[in-house]
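Colleague: Could you take me closely through one part of this model, the contacts that hold its pieces against one another, and then follow the charged pairs from there into the chains?

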Amino acid sequence: MTKHSIKRGVSLYSFQEEYFLRRLTLEQCIEKSVSVGALGIETIAEQMMPGFPRLSDDFYAKWHGWVDQYGFVPTAHDMFAELKLYKDRPRPVDEMVNELRLDIDHTAKLGANIIRILALTPPEVVDKAAGYAGDRGIKLLTEIHAPHRFDSQWMEEVMMVAEKWGGEVVGLMPDLGVFVERLPRVVWERALRDGADPKFTAHVVNVYDSGEDTSGLPQKAQDLGLSPATVGIAWAATRYINEDPRSMLEYMPYIHHIQAKFYEMVDDDHEYSIPYDKIVSTLIEGGYDGYLSSEYEGNRHIQDAYGVDSFEQVRRHHAMMAKLLGEKDAA
Amino acid sequence: MFDRYVLVPNSLHNEIIDGQVVGFSVKVRAGYYRGFRLALLEDLQLTVDGLTFERKDLALEVGGKPARPLDDLETEYEQTWDFGAPATLHVRKPGGLEPGAHSVIAYERIRVSYFPLPAEYTLADVQVVA
């Protein structure tokens, strides 16, 4: 295997079900991640750090105690630009810039050096905060998230700001949910449990999985007078996209972190819908040297019928990634 | 995303003030996957035994702060409703609910920055008043 410096991590987004139900604390989420060799920890303050953006010094002291105790590396902080805070008017850019500065301060206090910029954050906001971030050694990486594609108008605007500041300050964070080859099984199985028409659902899956255009499916379901759940799965199929993993290669100088989205690990080797083998080999070829940060997003699709075990899903995900990365101890 | 956990089980109680049953309360959680500022809560509705209460009769108690009418929360740009944190929904209904089992439906609508439509969460449940 070609030599590489790709590292494994977890976004604690993966454990949202357990945290929501207060079955795991923030510290326990960290402990679980480290136990599967995920040594880079990405966090969502608004999920697991109540009080953000005004966290106490005590909180940060406790955090650094955990860094020492568990031996992990704080990687990224996920920010949310609250574009729709006001019901009756758009959010002024300057307000969002000021909030992004709070995100930058928080990230620095965590000892991380990357911020996930939410898709649809105006590139102007990133531009106006980039100097502040650069001075503090923080990178602002806009997520490339379905349904937004690599070659979109949106991306062009993001890249203009990235090119202005240089890839060490402003860049990109692909979410592997842009590489969905097969419609996630957990998604259409849920639709069936919710009462979607099986025949039309099969049609939706076939259209998506064969790479055909899905945009007409919701209208078609409506015209046929099918149930809301059927229209729902047709609509869902328009929100997933299947880009070529090799499309990342031309952006490599701007990519410093990856949200390794997954919906269902069927065993220790396969994710049902995303071609991790192709993705990892592309990243190695491109000389990527950041983290693959697991982002489990299956819980919401199975929680109606099954017990959610995010940890087992993350464990399998790391077993797979360790093998694909050629780690010595990987079974 | 967390629709099925919107209502906290076994949390329906009549509320008594100065010896009078003034209404009832139930504990609710936001279905969204992160904490958010209360101004983003566009609507919260409660239906008990088929009757949907009027918005003016609802007040939400979040994070240990005093309960406030939903209209007041529309301009609350600081205080957050934390992820997974139960809040108490107070409902004005003189006399309260009869003892026994009731059908309870909670509905929430939250503005989401990156999505064309607001997020909606609904849960139908049965809860028992002691």
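Modeller: What follows goes from the contact between the chains to the one between the domains, and then to single residues and salt bridges.

The model is a predicted one, and the contact between its two chains draws on 31 residues from chain A and 27 residues from chain B. The area buried between chain A and chain B comes to about 2800 Å², with carbon and sulfur atoms giving 54% of it. Between chain A and chain B there are 5 salt bridges, and the count of residue pairs in polar contact, both at pLDDT 80 or more, is 17. On the side of chain A that touches chain B, at least two residues each are supplied by α1 (16-20), α3 (45-48), α11 (228-239) and α13 (299-302) of chain A, and the largest share, 4 residues, comes from α1(A). Sorted by class, the residues on that side of chain A are 14 nonpolar, 4 polar and 13 charged. One salt bridge that can be picked out is formed by A:E46 with B:R34, where the closest N and O atoms are 2.9 Å apart.

Chain A has a contact of its own to consider, since a domain assignment divides the chain into domain 1 (7-183 + 241-324) and domain 2 (192-237). The contact between them takes 11 residues from domain 1 of chain A and 7 residues from domain 2 of chain A, while the C-alpha centres of the two domains lie 30 Å apart. Together, domain 1 of chain A and domain 2 of chain A bury about 650 Å², 51% of it on carbon and sulfur atoms. Of the area that domain 1 of chain A buries against domain 2 of chain A, 64% is supplied by A:E181, A:L183 and A:D304, more than any other three residues. Across this domain interface there is 1 salt bridge, and the side chains of A:D304 and A:R193 meet in a salt bridge at 2.8 Å, N to O. The interface also holds 5 residue pairs in polar contact, both at pLDDT 80 or more, and the side of domain 1 of chain A that touches domain 2 of chain A has 6 nonpolar, 2 polar and 3 charged residues.

Turning to charged pairs elsewhere, the count over all chains is 38 salt bridges. In chain A, the side chains of A:R246 and A:E285 meet in one of 2.8 Å, N to O. This pair links distant parts of the chain, with A:R246 in the loop between α11 and β7 of chain A and A:E285 in helix α12 (residues 276-285) of chain A, 39 residues apart. A:R246 counts as partly exposed because its relative accessibility is 43%.

In chain B, the side chains of B:R55 and B:E74 form a salt bridge with an N to O distance of 3.5 Å. B:R55 lies in the loop between β5 (51-52) and β6 (58-61) of chain B, and B:E74 in the loop between α1 (70-73) and β8 (80-81) of chain B, so the pair ties together parts 19 residues apart in sequence. Both ends are partly exposed, B:R55 at 25% relative accessibility and B:E74 with a relative accessible area of 22%. A further bridge joins the side chains of B:R92 and B:D57 at 2.9 Å, N to O; because B:R92 lies in strand β9 (residues 87-92) of chain B and B:D57 in the loop between β5 and β6 of chain B, the pair ties together parts 35 residues apart in sequence. B:D57 is buried, with a relative accessible area of 15%. Salt bridges that share partners also join A:K87, B:D43, B:R55, B:D71 and B:E74 into one network.

The last residue to look at is A:H256, placed in the loop between α11 and β7 (257-262) of chain A. A:H256 counts as buried because its relative accessibility is 14%, under the 20% cut-off. Leaving aside neighbours within four places in sequence, A:H256 is in contact with A:I114, A:K139, A:L141, A:G167, A:E168, A:L172, A:Y288 and A:G290. The side chain of A:H256 reaches the backbone oxygen of A:G167 at 2.5 Å, and a polar atom of the same side chain lies 3.4 Å from the backbone oxygen of A:P253.

Conventions: Residues numbered from 1 in each chain as written. Chains lettered and ligands numbered in written order. Predicted model: local features only at pLDDT ≥ 70, side-chain atom pairs only at ≥ 80, totals over all residues. Heavy atoms only, no water. Contact = heavy atoms within 4.5 Å. Buried area = accessible area lost by both parts, 1.4 Å probe. Salt bridge = Lys/Arg side-chain N within 4 Å of Asp/Glu carboxyl O. Polar contact = N/O pair within 3.5 Å; in protein donor to acceptor, adjacent residues only side chain to side chain. Nonpolar A, V, L, I, M, F, W, Y, C, P; charged D, E, K, R; others polar. Buried < 20%, exposed > 50% of the residue type's maximum accessible area, 1.4 Å probe, protein only.
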